[in-house]
Amino acid sequence: MQNSGLFLNYFDTCNALVRSYYYQRAIKDISCKVLVVGGGTGGCSVAWRLSKKLNAKDILLLEPNWLHYYQPSFTLVAAGLADITQSRKPFKDVVPPDVKWLKDEATQFDPRNNTVDTACGLRVHYDLMVIAVGLKNDYHKIPGLKRLLDDPVSPVSTIYSPDYCSKCWCNLQQFQGGHAVFTFPKQAGKCSGAAQKIMYLAHDYWTRKKIQHCTSISYATAAQALFGVPKYAASLVKVAQQRDIAVNYSLELVEVTPKHAVFTGCGDQTTTLPYKLLHVTPPMSPPACLSTSELVSDGYLSVDKHTLQHVRYPDVFGLGDCTSTPNSKTAAAAAVQSSVVSRNVVSKLNGRQLSARYSGYGACPILTSYKGGIIAEFEYDKKICETFPFDQSKESRLCYYLQKNIFPILYWEGIVKGKWSGPAVLRKIFHPFGK
């Protein structure tokens, strides 16, 4: 562990080329008690929690990026409600004190030998590992998409990346009417409700600009429902009908040209929609280092859906978007999962039975205008798990206020620092006798 400390100090003072040379020539192997792979919401939250229960110097956090993003704010950026600079902080500011940050990325997992290889030529040995590497956007799976996203004058954007959400706001402002198309893929991952949020906000913005009379909006989803939980799907169908939004089910985007979006439907039938504005939710998948390893099943990290321990390798735990758990992939879910993982990791290190269990809780506040929205909360098997003492499937001003003003503070000061484990306590206050 002394060598790893020297390594990290060196890492902070050298550029990438020098670091790579140093690793290859001077240090090959480092060790830690707990290795956390991925510094997103789940990884940081677990690292903070474990740093309070273990010796922080025994924890190594593996993350290649200099910046940490609060991803739910991308929708606010795309709707002109926030600036992109408000959605990020230097990663060093979210790393727990004394936890070693290795600015590198995993390239290969070897769970049989409890090691992880990195891009800079290191081999990290661990006692226990927590994987929270998230998902990547697979732009290449849709021919023509990446080129048009990178074209600053094209009306094609996505809110699922900090690289393009500001462009989305520009596109909304420049839109002068015509057909606007919003898509959602079969292979989705991060917050499915976000694809609809930006559509409803765009409709509201164009209504305020008084161009709704010359605007038509289509939502093309590969799913067979607007939302995975029937109660909220029914509410969103009504919202779409009230806004005259045409919802097209079972349509998968397969190609983008400068003027048309091409879809396949049932029986591989091709449908082509012209557009003046196109918002794409790209297909997503875990990084290659994970998806090609023996840790996955059907492309995702195979963990028990309650304990979040790997189904075959007991020294491995996982949380967040990259896992096989059948829950909504949101920051709210990661907050609850981080509590479960941290408690079970400590139990495993101490030779105790894993007692913490994840119920599948997830939350998705869906803005339906600049005034309000619905707040979806649910657990496994689509069980409703609402916090507030009113029907959250109905549009309310509270949803807007929470997403715009409260949740960003809660994220930076609570979730990412492992201080928020979900609204269970609030739920008991609002519903002292249950629901």
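# Exercises on a predicted model

Over residues 33-146 the chain is 18% helix and 33% strand, with its end C-alpha atoms 41 Å apart. UniProt, in an unreviewed entry, places the feature "domain: FAD/NAD(P)-binding" at these residues, 33-146. The model is predicted. The exercises below work through its helices, its loops and its empty spaces.

## Exercise 1. Helix spans

Task: Compare the end-to-end reach of α10, α7 and α3 with the span expected at 1.5 Å a residue.

Solution.

Step 1. Take α10, residues 331-349. The helix has 19 residues, which should span 27 Å because the expected span is 1.5 Å times one less than the number of residues. The end C-alpha atoms of α10 are 26 Å apart, which agrees.

Step 2. Take α7, residues 194-208. The helix has 15 residues. From first C-alpha to last, α7 reaches 21 Å, close to the 21 Å expected.

Step 3. Take α3, residues 41-53. The helix has 13 residues. Its reach is 19 Å, close to the expected 18 Å.

## Exercise 2. Cover on the helices

Task: For α10, α7 and α3, state how many residues are buried.

Solution.

Step 1. α10 is mostly covered, with 15 of its 19 residues buried.

Step 2. α7 is mostly covered too: 13 of 15 residues are buried.

Step 3. In α3, 11 of 13 residues are buried, so by the cut-off of under 20% relative accessible area they count as covered. The buried residues of α3 run through T41, G42, G43, C44, S45, V46, A47, W48, R49, L50 and S51.

Step 4. Set this against the geometry of a helix. An α-helix has 3.6 residues a turn, so residues three or four places apart point the same way. In α3, T41, C44 and S45 are among the buried residues.

## Exercise 3. Positive phi

Task: Find what phi G351, K210 and D98 take, and where each residue sits.

Solution.

Step 1. G351 comes just after α10 and takes a positive phi of about 75 degrees.

Step 2. K210 comes just after α7. Its phi is positive, about 65 degrees, although K210 is not a glycine. K210 sits in the loop between α7 and β12. With a relative accessible area of 63%, K210 is exposed.

Step 3. D98 is not a glycine either, yet has a positive phi of about 75 degrees. D98 lies in the loop between β4 (88-90) and β5 (100-102). At 52% relative accessibility, D98 counts as exposed. The cut-off is over 50%.

## Exercise 4. Two buried residues

Task: Decide whether L308 and I59 are buried or exposed, and place each one.

Solution.

Step 1. L308 is in the loop between β20 (300-301) and β21 (316-318). Its relative accessibility is 0%, so L308 counts as buried.

Step 2. Relate L308 to α3. W48 is one of the buried residues of α3. L308 and W48 are 260 residues apart along the chain, and their C-alpha atoms are separated by 18 Å.

Step 3. I59 lies in strand β2, residues 59-62. At 1% relative accessibility, I59 counts as buried. The C-alpha atoms of I59 and V262 are separated by 48 Å, with their positions 203 residues apart along the chain.

## Exercise 5. The second largest pocket

Task: Describe the second largest pocket by volume, lining and location.

Solution.

Step 1. The volume is about 850 Å³.

Step 2. The lining has 33 residues. F184, S192, G228, N327 and S328 lie nearest the centre. β12 (215-221) and β23 (373-379) are the elements that give two or more residues to this lining.

Step 3. By class, the lining divides into 13 nonpolar, 13 polar and 7 charged residues.

Step 4. Domain 1 (28-135 + 286-359) and domain 2 (139-285) both give residues to the lining, so the pocket lies between them.

## Exercise 6. The cavity

Task: Which residues line the largest cavity, and how do they divide by class?

Solution.

Step 1. The structure holds 1 cavity of 30 Å³ or more. The largest cavity has about 40 Å³ of space.

Step 2. The lining consists of I142, T183, F184, P185, A220, L251, E252, L253, F263, T281 and P283. Elements giving two or more residues to it are β11 (178-184) and β14 (252-256).

Step 3. The classes are 8 nonpolar, 2 polar and 1 charged.

Step 4. Link the two spaces. F184 lines the cavity, and F184 is also among the residues nearest the centre of the second largest pocket.

Terms used:
Residues are numbered from 1 along each chain as its sequence is written. This is a predicted model: local features need pLDDT of at least 70, side-chain atom pairs count only at pLDDT 80 or more; totals for chains, interfaces and linings use all residues. Side-chain values use heavy atoms; hydrogens and water are left out. On a 1 Å grid over the protein atoms alone, a cavity is a set of points where a 1.4 Å probe fits but cannot get out, and a pocket is an open set with protein on both sides within 12 Å along at least five of seven lines; lining residues have an atom within 4 Å of a point. Grid points are joined across faces, edges and corners, and a volume is the space filled by probe spheres set on the points. Helices (H or I, at least four residues) and strands (E, at least two) are DSSP runs, numbered from the N terminus. Ala, Val, Leu, Ile, Met, Phe, Trp, Tyr, Cys and Pro count as nonpolar, Asp, Glu, Lys and Arg as charged, and the others, Gly among them, as polar. Domain bounds come from an automatic or database domain assignment. UniProt positions are given in the numbering used here, feature names are shortened, and annotations may be inferred rather than shown by experiment. Buried means under 20% relative accessible area, exposed over 50%, partly exposed in between (1.4 Å probe, protein chains only).
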